[in-house]
Protein chains: 2
Amino acid sequence: MPTKVSRSAGFLASSLTPSTAITPDSDSFLEKRSASSSYSVEEVPLDALPNWRIGDRLSHSSGRFFAVEGLSIRTDFGPKPEWCQPIIIQPEIGILGIIVKRIHGVHHFLMQAKMEPGNSELVQYAATVQATPSNYQRVHGGRPTPYLEYFREHAGRRIVFDQLLSEHASWYLHKRNRNMIVEIPEDEHIAVADDFAWLTLGQLRHQLERGNRVNMNARTVLSGISYAAQDDADSYGDIRDPFRLQVVESHAAGRSNDEVSAAMTWLIDQKSKFSLDVRRISLGEMDEWASGTDSIRHRENRYFRIVGLSVSATSREVGAWSQPMLEPTSGNVVALICQRRAGVLQFLVQAMIQPGLTDRLELAPTVQLTPGTYSGPEDLPPLAEYLDAPQSWIRLKAVQSEDGGRFLHADTTHLVVNVPEEHTIDAPDNYRWMTLGSLNRLIRSGHYVNVEARSLIACLL
Amino acid sequence: MPTKVSRSAGFLASSLTPSTAITPDSDSFLEKRSASSSYSVEEVPLDALPNWRIGDRLSHSSGRFFAVEGLSIRTDFGPKPEWCQPIIIQPEIGILGIIVKRIHGVHHFLMQAKMEPGNSELVQYAATVQATPSNYQRVHGGRPTPYLEYFREHAGRRIVFDQLLSEHASWYLHKRNRNMIVEIPEDEHIAVADDFAWLTLGQLRHQLERGNRVNMNARTVLSGISYAAQDDADSYGDIRDPFRLQVVESHAAGRSNDEVSAAMTWLIDQKSKFSLDVRRISLGEMDEWASGTDSIRHRENRYFRIVGLSVSATSREVGAWSQPMLEPTSGNVVALICQRRAGVLQFLVQAMIQPGLTDRLELAPTVQLTPGTYSGPEDLPPLAEYLDAPQSWIRLKAVQSEDGGRFLHADTTHLVVNVPEEHTIDAPDNYRWMTLGSLNRLIRSGHYVNVEARSLIACLL
């Protein structure tokens with residue numbers, strides 16, 4: 001759904017403008033790149049993974065990449081006061097970076113068609129750079145990471161966004177990546193490698209709406225784009241879809257310091273209310289989990305499994321490799337409820353404790369549903385009934401993949417439900433209505449918005 | 001050293017103004033309150049503490065208050081790649097709150113004369129409220145906490161400052177307290193209880209300069225006072241001490257978003273450079289430490305001891321209690337080097353990994369010296385030679401106590417060294433010059449400035 005926007009606008013609006021795009025067809029580019037390489041992905045037993053060892057923990061012989069350990073959790077948030085689970089330990093901070101450049105006055109994002117073995121759709125648009133130090137220091141002996149220098153040697157660059165943001169905190173312990181957007185001058189030459197393409201924000205939105213075509217790492221970076229430079233709501237007047245107009249307005253609105261300060265104070269209230277105590281333990285100490293030589297799995301097959309994957313590809317830094325993957329039970333759903341309230345579109349977010357969060361609690365979507373956690377309808381979280389909202393309320397429904405470098409077949413249905421004004425929504429105390437503008441401010445401050453919420457917000461670009 | 005400031009100024013300057021103060025003599029008030037109660041503090045064996053149990057961990061039978069466990073640490077920051085140490089686990093978020101009110105136009109802070117058993121000077125000025133949930137929910141069956149409602153039920157209040165800030169990250173694991181300043185209207189009546197007094201910022205500064213009279217919890221709250229409302233450097237013209245004038249200017253300067261953004265990016269660079277891996281273990285797993293029934297101590301008596309303390313007092317919520325305390329080896333020093341650079345007074349801070357930090361790395365003072373860590377002069381950290389700077393460079397030297405509710409005889413020498421402009425200072429890459437204005441912005445964002453640096457900054461008020 002490309003939209004036309006007046007050219008007088010700033011960063012956002014100019015990016016929305018259809019242009020003589022460098023990548024005229026963002027659909028076929030991905031298909032072509034996908035067809036240009038061949039891949040094979042096969043599940044194997046954990047003890048068949050070369051260089052990986054399973055014992056108290058599952059780890060690589062180099063000590064790099066990542067490890068899987070046990071985690072013992074106690075909390076007074078949610079229905080379950082204590083449990084154990086496997087968790088991925090990856091202390092390294094990866095770089096997720098997008099290069100942006102005005103081309104004929106329109107912002108374009110340099111996206112990479114990237115294969116990730118865990119994705120249901122293997123090849124998707126990724127950030128320009130998506131690399132951990134283990135990758136870019138070439139522990140696996142692979143090829144160098146293109147464009148890395150724009151983010152590693154950033155002195156003198158125009159850094160549009162730079163923040164450490166959390167990753168899936170049910171699966172990773174204290175994992176964060178560095179999310180960056182670097183803008184290069186219009187006249188700076190940059191060679192575009194085979195797997196790369198310049199996309200406008202409009203093209204990215206189209207790919208996001210199709211689902212399973214913009215990977216998780218790209219989505220989290222895109223969620224940090226600020227509308228702050230763009231104060232004039234009139235310049236969005238050409239956006240004909242009334243819902244999208246409201247989205248843009250709610251992004252531009254509510255950026256006052258007062259609203260953000262009040263939200264911060266409320267967040268600290270929530271952090272003071274709930275406790276979280278985590279302790280790293282050995283895999284064998286988890287009674288409810290079976291840690292075998294083939295896989296690590298819950299004894300009732302709930303939540304997720306840790307399995308081995310053997311991958312060969314011609315388009316990655318190395319041609320073939322093996323690694324453990326986390327495969328969640330299927331049926332993950334994240335949903336944002338929004339509503340026009342006092343004339344402004346607002347989004348209902350919840351303060352949620354998750355075991356792997358660095359700072360224990362962040363803002364999550366209205367509903368964040370992990371099927372393994374719930375045995376029956378009586379276990380469903382608050383507001384889950386809105387997942388069955390009337391079709392006319394659904395403003396976005398798309399399946400998006402989680403990080404296909406760690407997670408196998410982790411497809412999450414993304415849902416945005418626009419509830420009519422006259423409908424009253426009863427939410428518990430740890431829920432709050434916020435504008436997209438305020439949420440964007442909190443994303444850009446780090447530590448405050450979880451990856452599930454950021455992924456949904458990226459879909460609202 | 002009370003100073004006179006023109007009355008036209010805003011928050012800060014009016015607070016500096018000498019006034020017909022409600023507490024005409026802040027010195028004698030503290031002495032009188034100290035004399036009005038009697039205290040006895042006695043070291044006892046850990047196994048003589050009622051309701052405390054020592055085993056894999058040292059903990060209270062209620063499960064509340066705090067516990068001491070072992071921590072295993074690996075890091076590539078600093079000279080030591082791995083070690084084990086006891087650490088205090090206290091997941092509860094305490095409230096450190098100061099009520100502020102204009103009286104005759106001048107800001108006054110409601111301070112409490114409070115006894116803490118670990119302090120060398122037992123009674124000091126504390127925040128209006130300094131309480132953990134275990135305290136104010138009266139787990140120990142004590143008296144209610146006065147003024148708590150101003151911070152717990154803050155709806156409609158003017159919240160001047162509200163942030164979660166880290167505590168001593170060498171001694172506590174992931175401990176943060178909620179630092180708050182709440183301003184009440186000039187015409188709102190508030191009864192002043194016996195142990196409480198309204199002090200101006202000038203009086204507080206005088207107490208800070210004397211040393212050991214403003215406790216650690218009050219200092220960290222005071223470090224969050226913003227000069228942002230006060231842009232007109234001219235209004236500080238009456239501050240006759242040229243150094244203090246420069247301090248005020250450097251607080252007002254450098255508040256541009258660009259300078260703070262650049263500092264944030266540099267901080268993320270530093271976080272990406274260094275790793276920290278911590279794991280909670282049992283007390284018995286620490287080879288270098290002897291965990292006995294009397295105390296927990298390092299086998300070479302370095303770093304600190306965990307001991308029992310039996311306390312009786314007439315001015316606390318309960319009349320008598322016992323608790324474990326951490327007693328550091330003596331001789332802790334923290335120092336900030338400052339220098340007028342390109343016309344602006346700047347402070348040299350370092351990005352430092354500490355095992356107990358929630359987000360692994362924060363800004364620390366130029367020198368943060370824990371004697372137990374260093375066996376000889378060859379082990380001294382960078383720039384330690386400035387601790388012996390010429391007397392004429394020393395702008396502040398005062399001994400301040402750490403939190404006397406957890407730490408015994410923990411006196412830290414605070415030093416501010418003003419190095420002349422012509423002198424060249426060579427600092428490693430993880431050091432950065434910053435204005436007090438930028439540091440203040442980072443304090444107010446949480447997560448970025450450690451308690452040692454905040455304590456020094458409070459002394460520069």
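**Figure 1. The surroundings of B:Q368 in strand 22 of chain B.** In this predicted model, a polar contact of 3.4 Å links the side chain of B:Q368 with that of B:E452. The side chain of B:Q368 also makes a polar contact with the side chain of B:N450, here at 3.1 Å. Strand 22 of chain B, the home of B:Q368, covers residues 367-369. Is B:Q368 buried or exposed? With a relative accessible area of 10%, B:Q368 is buried, because the cut-off for buried is under 20%. Leaving aside residues up to four places away in sequence, B:Q368 touches B:V333, B:V334, B:Q350, B:M352 and B:Q354, along with its two polar partners B:N450 and B:E452.

**Figure 2. Helix 7 of chain B and the cap at its N-terminal end.** Look first at B:D241, which caps this end of the helix: one of its side-chain oxygens lies 2.8 Å from the backbone nitrogen of B:F243. Helix 7 spans residues 242-252 of chain B and is mostly covered, with 8 of its 11 residues buried. Which residues are buried in helix 7 of chain B? They are B:F243, B:R244, B:Q246, B:V247, B:V248, B:S250, B:H251 and B:A252.

**Figure 3. B:H447, a histidine with a positive phi.** B:H447 is not a glycine, yet its phi is about 70°. To find B:H447, follow chain B into the loop between helix 9 (436-444) and helix 10 (451-459). B:H447 counts as buried, at 6% relative accessibility.

**Figure 4. A:H409, a positive phi in a loop of chain A.** For A:H409, phi is near 50°, a positive value in a residue other than glycine. The loop that holds A:H409 runs between strand 23 (394-401) and strand 24 (411-419) of chain A. A:H409 is partly exposed, and its relative accessible area is 42%.

**Figure 5. Where chain A meets chain B.** Each partner brings its share to the contact: 28 residues come from chain A and 28 residues from chain B. About 2,500 Å² is buried between the two chains, and carbon and sulfur atoms give 44% of that area. On the chain A side, the residues that lose the most area to chain B are A:I268, A:R279 and A:R280, which together make up 23% of what that side buries.

**Figure 6. Salt bridges and polar contacts between chain A and chain B.** How many salt bridges are there between chain A and chain B? The count is 8. One salt bridge to pick out joins the side chains of A:R176 and B:D359, at 2.2 Å from N to O. The two chains also have 20 residue pairs in polar contact, counting pairs with both residues at pLDDT 80 or more. Strand 10 (158-166), strand 12 (176-184), helix 8 (257-273) and strand 14 (276-281) of chain A each give two or more residues to the side that touches chain B. Helix 8 of chain A provides the largest share of that side, with 5 residues. By residue type, the chain A side divides into 12 charged, 8 polar and 8 nonpolar residues.

**Figure 7. The two chains as related copies.** Chain A superposes on chain B through a rotation of 180° with 0.0 Å of shift along the axis, giving an RMSD of 0.0 Å. That is the relation of a two-fold axis. Of the interface residues of chain A, 100% are also interface residues in chain B, so the copies meet through the same surface.

Terms used:
Residues numbered from 1 in each chain as written. Chains lettered and ligands numbered in written order. Heavy atoms only, no water. Contact = heavy atoms within 4.5 Å. Buried area = accessible area lost by both parts, 1.4 Å probe. Salt bridge = Lys/Arg side-chain N within 4 Å of Asp/Glu carboxyl O. Polar contact = N/O pair within 3.5 Å; in protein donor to acceptor, adjacent residues only side chain to side chain. Helix = DSSP H or I, 4+ residues; strand = E, 2+ residues; numbered from the N terminus. Nonpolar A, V, L, I, M, F, W, Y, C, P; charged D, E, K, R; others polar. Least-squares fit on C-alpha atoms with pLDDT ≥ 70 in both. Buried < 20%, exposed > 50% of the residue type's maximum accessible area, 1.4 Å probe, protein only.
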